[in-house]
Structures are given as structure tokens and as C-alpha cells.
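Work through the following exercises with the coordinates open, trying each task before reading its solution.

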Amino acid sequence: MRIVLLGAPGAGKGTIAKLLNAHDGSVQISTGDILRGAVKAGSEMGKKAKGYMERGELVPDSLIMEIMEARLQEPDASKGFILDGFPRTIPQAQDLKKLLDKLSIKLDVVIDIEVPKDVILDRLTTRRTCSNADCQEIYNVKSKPPSPEGKCLKCGSPTVQRADETTEAITQRLETYNEKTAPLIDFYKKEGFLKTVSSMNSDEIVQEIIRSVTKK
Ligand code: AMP
């Protein structure tokens, strides 16, 4: 499958991407995870991205396109990919279209995951993430807690609340989403790729996505 997942921060894109990967061997490509790994490693890319990320702002399009151009050509992407958190702006969507044309790759569908704002706020403030850049497993203190000591159940590293998951940063990220990313819904509607899902249940959403791709 070659899919773009749209949806506000906290809509469940990461969870759904991982379930789809398990279904068909495609790979999740999350620009947020790649950037967090770069920040942790202290690379040049990480140094450029850190401030924007902590403020809940978008990293410049040019940096994101550099990452994606390289990532989509890695061998594992040939089995299919789920783009999680990219594209995030109209220029990124236009550049992605050009890049896919250049690589002769066709998208199957763009999924817009609709979730009410109060659910998003609750999910994000209760979210914890494994601090190991190679793991980054996501927990939720209510619905999927880490160990009683706050350790990751997969790799044993401490879980943390991300710097961009404070109430101020979340409010900023949701504003950024409405202003910069929500216009992509219309962009992909016009391109004829858009499918909207609004269930709160990840398994149901995944089944709906699989049905919509296999119907094509
Ligand atoms: P995420 O985990 O997808 O919410 O991403 C975390 C942060 O990384 C965002 O708030 C942005 O600062 C940055 N980021 C991730 N993906 C992109 C993108 N496609 N364009 C610009 N900034 C991004």
C-alpha cells in the first residue's frame, strides 16, 4: 500500500500506520520520528529542526523534502509506505507529487482521520513516548500505560512526555494544523485521492482503509 495519512496531531496516525505495516509489510515513514531521532543524535538536521519542533511550529519545507527524497528511495520503501505526518503543507504536497512522478510511484489513497478536538487534547496530554530514538514506542497513561516505573515495555528505556506535548505547544500545533495542514484535505479531494474516516477505533479504521485500497 502507498498511503498518506492526514489528521491532526493525536488523531492516531502512528498507531494506524503500524497496524497497516503489520498487515502488508509496508513501512511507516514518520517525518516527526525521523526529526526526533536527528535531534536526539545532535546531527546538523536535528540542530536545524529542534527550535521549530519545541515551539510546535513546522520545520521548513526544504528540510523536510530533503529527508523525504532520500527516504522514499531506500529499499524498504519499495514494499509500500504509509506516510505519517507528511505532507503537512500545500508546497510539500506539490513537491511530493513531483517526487512521486519522478520515481514513477502512484499513491493508492489519502486518508483523513477526523477526531473531535477534546479527544485530541486528552490523548496528547496523557501520551508518553519511549525516550530511545530507535524505539519511540507510544504509551498513554490511561489506556496503554508503560511499566509502573514509567519504563518502556519493549526496550526498558524511560518513557517521557515530549517537549511539544505541553498544553501550550499542543495548542500551537493544533493551530498550525488548522492553518497549514487542513487545506490539504481540499487539495487531495481535487486530486481524487481523499477518503475520510471518523471512527475512534483504530482496528475499524484499518479495516476500512484496507477495504478502500483493495476495492481499487
Ligand atoms: P509529529 O510527531 O508528526 O507531530 O511531528 C512533530 C514535529 O515535527 C511537528 O510539530 C513539526 O515541528 C515537525 N514536523 C514533522 N513532520 C513535519 C513536516 N512534514 N513538515 C514540517 N514539520 C514537520
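**Exercise 1. Locate Gln136 and state whether this residue is buried or exposed.**

Solution. Gln136 sits in the loop between strand 5 and strand 6, where strands (E, at least two residues) and helices (H or I, at least four) are DSSP runs numbered from the N terminus. Its relative accessibility is 9%, so Gln136 counts as buried, given that buried means under 20% relative accessible area, exposed over 50% and partly exposed in between, with a 1.4 Å probe and protein chains only. The backbone of Gln136 has a positive phi of about 55°, although the residue is not a glycine. Most residues other than glycine have a negative phi, and most peptide bonds are trans.

Before going on, note that this is a predicted model in which local features need pLDDT of at least 70 and side-chain atom pairs count only at pLDDT 80 or more, while totals for chains, interfaces and linings use all residues. Residues are numbered from 1 along each chain as its sequence is written, and side-chain values use heavy atoms, with hydrogens and water left out.

**Exercise 2. Find where Ser104 and Pro87 lie, and describe the backbone at each.**

Solution. Begin with Ser104, which is placed in the loop between helix 5 and strand 4 (109-113) and has a positive phi of about 55° without being a glycine. Ser104 is exposed, because its relative accessible area is 67%. Then turn to Pro87, in the loop between strand 3 and helix 5; the peptide bond leading from Phe86 to Pro87 is cis, with omega near -5°.

**Exercise 3. Describe the surroundings of the ligand, beginning with how many residues surround it.**

Solution. First, count the shell: 16 residues surround the ligand, and the closest are Thr31, Arg36, Glu57, Gly85 and Gln92, where a residue is near a molecule if one of its heavy atoms lies within 4 Å of it. Second, sort the shell by residue class, which gives six nonpolar, four polar and six charged residues; Ala, Val, Leu, Ile, Met, Phe, Trp, Tyr, Cys and Pro count as nonpolar, Asp, Glu, Lys and Arg as charged, and the others, Gly among them, as polar. Third, sort by element: helix 2 (residues 31-41) provides the largest share, four residues.

Fourth, list polar contacts, that is, pairs of N or O atoms within 3.5 Å; within protein, one must be able to donate a hydrogen and the other to accept it, and residues adjacent in sequence count only if both atoms are side-chain atoms. A side-chain N or O atom of Arg36 is 2.9 Å from an oxygen atom of the ligand, a polar backbone atom of Val59 is 3.1 Å from a ligand nitrogen, and a polar side-chain atom of Gln92 lies 2.9 Å from a nitrogen atom of the ligand. Finally, the ligand taken alone exposes 480 Å², of which the protein buries 96%; these accessible areas come from the Shrake-Rupley method with a 1.4 Å probe, and for residues only the protein chains shown count as cover.

**Exercise 4. Which residues does Leu124 touch, leaving out those up to four places away in sequence?**

Solution. Leu124 belongs to helix 6 (residues 117-125) and is buried, since its relative accessible area is 0%. With contact meaning heavy atoms within 4.5 Å, Leu124 touches Pro9, Gly10, Glu165 and Ile170, once residues up to four places away in sequence are left out.
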